[in-house]
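Trainee: I should like to work through this protein chain with you, beginning with its overall form and ending with single residues. May we look at it together?

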Amino acid sequence: MKRNRNVKIVATLGPASDTYEMIRKLHEAGADVFRLNMSHGSHEEIKARHGMIRQVEKDVGRPIAILADLQGPKLRVGTFAGDSEELVEGASFRLDLDPAEGDASRVCLPHKEIFDALEPGSSLLVNDGKIRLKVTACGSDYADCEVIAGGTISNRKGVNVPDVVLPLAALSEKDLKDLEFVCALGVDWLALSFVQRKEDVEQARELAKGRAAILSKIEKPAAVKAFAEILDASDGIMVARGDLGVELPVQAVPPIQKRLVRTTRSAAKPVIVATQMLESMIESPMPTRAEVSDVSNAIYEGTDAIMLSAESAAGDYPVEAVMTMNAVAEEVESDPTYRDVIEAARRIERSTVADGIVSAAREIAEATDIKAIACFTQTGTTAGLVARERPEVPILALTNHIGTARRLALTWGVTCAVTARLERFKQAVVSGARAARELGLATEDDQIVVTAGVPFNVPGSTNILRVAPCAERLIYASDPE
């Protein structure tokens with residue numbers, strides 16, 4: 001099943017997509033990666049969805065990535081005696097540790113860590129930023145606030161603290177249990193919520209023990225400030241525009257998105273643009289023009305993947321949402337302007353031999369009649385380097401590790417094939433040519449570029465490039481050894 005696009009599509013599973021038949025339809029419509037949202041669903045439900053994805057993968061014969069999205073700490077106010085209260089602009093309101101039910105003057109905020117970090121002048125946002133409070137005085141167990149933007153505050157509404165780094169780990173007790181569960185189950189990517197610093201990523205990596213790649217969700221201003229360190233510690237990035245748009249001025253999010261996408265691409269790591277991409281398709285079979293433009297802009301930026309959340313998990317039109325994303329991607333990538341934008345955004349990265357090899361592979365492929373770039377990879381690093389170049393021809397990643405093949409389903413332009421363990425470069429050339437033909441990327445009359453590392457099966461050793469015919473008899477004739 002050859003995709004006619006390079007950007008990948010991530011679809012979240014939920015009540016609307018909870019059967020084998022629906023998951024297969026979503027994959028056939030264009031979903032390359034399935035997201036399991038650990039905020040919703042029991043371990044039994046998550047296990048069942050995981051099993052159905054793996055069955056679809058087996059039946060279609062194509063590696064599929066599974067991304068488990070950890071919930072992260074949830075900061076919420078307590079309850080009110082009347083279930084809700086109206087806060088008026090300019091009024092005073094207190095948050096404290098008293099578990100008694102709240103009223104118009106106060107409510108419990110059962111998170112001592114917040115009070116330890118607050119300072120006068122700090123902002124507190126309630127209910128996705130609809131209510132805005134400014135701290136006027138605070139202590140270890142209270143914060144007196146002025147209501148800057150009023151509204152209805154009700155039981156257990158979420159609280160955001162945008163302008164301080166909270167002394168909270170990104171992994172809650174629930175997350176620790178979920179992490180071990182999904183790693184034992186066998187997921188390919190772990191998405192971390194509430195990342196504020198590189199240490200949050202390092203903790204998750206230590207607990208994952210190599211069983212899943214680590215993807216950091218950038219959804220807090222602190223993460224934007226510390227992005228370079230977080231990116232260095234991560235295997236991938238998600239631009240989580242939901243909370244980011246709550247904690248930052250909405251007009252600040254688009255330039256941040258562009259900067260994060262470009263920087264992550266430069267690091268040869270995959271990046272997902274997420275949240276509200278086709279939000280109206282939760283209830284409508286057609287998206288708005290603004291949503292289509294939003295999806296298109298992310299693709300023009302060169303993002304590796306675009307993501308559906310409630311649209312595919314709980315919406316009325318999950319298959320149509322995936323089909324829409326697929327259609328938009330095909331249209332954008334066929335636009336000559338798309339290549340102009342991608343070329344303009346490319347940064348020259350040639351600090352290592354591998355950088356030079358993949359850059360040369362792209363230049364040769366684009367200057368001659370080459371049908372694909374085939375790269376042999378143990379960990380996926382070489383395929384990531386080739387994808388960073390954003391070549392005009394397909395990228396064929398070959399590996400003898402199914403886990404690597406699955407993880408690469410998230411990477412721009414990469415088609416994966418699992419091969420037997422190879423010991424010699426000629427075997428690699430033959431295997432690459434065979435896979436290119438079988439996957440419909442080339443015919444016997446075509447040529448491909450092959451990159452690999454010698455000695456074989458040593459991660460990070462990419463040091464050789466060859467232009468090879470796809471006809472095996474010509475490979476043997478030109479290289480009999």
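Mentor: Let us begin with a definition: two residues are in contact when they have heavy atoms within 4.5 Å. Please keep in mind that this is a predicted model.

Trainee: Among contacts with a separation of 6 or more, what percentage joins residues 24 or more positions apart in the protein chain?

Mentor: The count takes the contacts in the protein chain with a separation of 6 or more. Of these, the share that falls to residues 24 or more positions apart is 66%.

Trainee: Which radius of gyration does the protein chain have, and why does it agree with that of a compact globule?

Mentor: The protein chain is built from 18 helices and 21 strands, and its C-alpha atoms fill a box of roughly 85 × 45 × 45 Å along the principal axes. For 481 residues, a compact globule would have a radius of gyration near 23 Å. The value for the protein chain agrees with this, because it is 24 Å.

Trainee: Which helix gives the largest share of the largest nonpolar core?

Mentor: Buried residues make up 56% of the protein chain. The largest nonpolar core has 88 residues, and Phe34, Leu190, Ile299 and Ile306 have the most contacts inside it. Seven residues of this core, the largest share, come from helix 12 (residues 318–333).

Trainee: Which residue of helix 12 (residues 318–333) does Ile306 touch?

Mentor: Leaving out residues up to four places away in sequence, Ile306 touches residues that include Val7, Ile9, Val10, Val273 and Ile299. Helix 12 spans residues 318–333. The residue touched by Ile306 that falls in this span is Met325.

Trainee: Is Leu422 buried or exposed?

Mentor: Leu422 sits in the loop between strand 19 (414–418) and helix 17 (425–438). Residues under 20% relative accessible area count as buried. Leu422 has 12% relative accessibility, so the word for it is buried.

Trainee: How far apart are the C-alpha atoms of Gln203 and Leu171?

Mentor: Gln203 belongs to helix 5 (residues 198–208) and is partly exposed, with a relative accessible area of 29%. Apart from neighbours within four places in sequence, Gln203 is in contact with Ala169, Leu171 and Leu176. Gln203 and Leu171 are 32 residues apart along the chain, and their C-alpha atoms are separated by 8.5 Å.

Methods. Residues are numbered from 1 along each chain as its sequence is written. This is a predicted model: local features need pLDDT of at least 70, side-chain atom pairs count only at pLDDT 80 or more; totals for chains, interfaces and linings use all residues. Side-chain values use heavy atoms; hydrogens and water are left out. Helices (H or I, at least four residues) and strands (E, at least two) are DSSP runs, numbered from the N terminus. The radius of gyration is taken over C-alpha atoms; the globule rule is 2.2 Å times the number of residues to the power 0.38. Buried means under 20% relative accessible area, exposed over 50%, partly exposed in between (1.4 Å probe, protein chains only). A nonpolar core is a set of buried Ala, Val, Leu, Ile, Met, Phe, Trp, Tyr and Cys residues joined through side-chain atoms within 4.5 Å.
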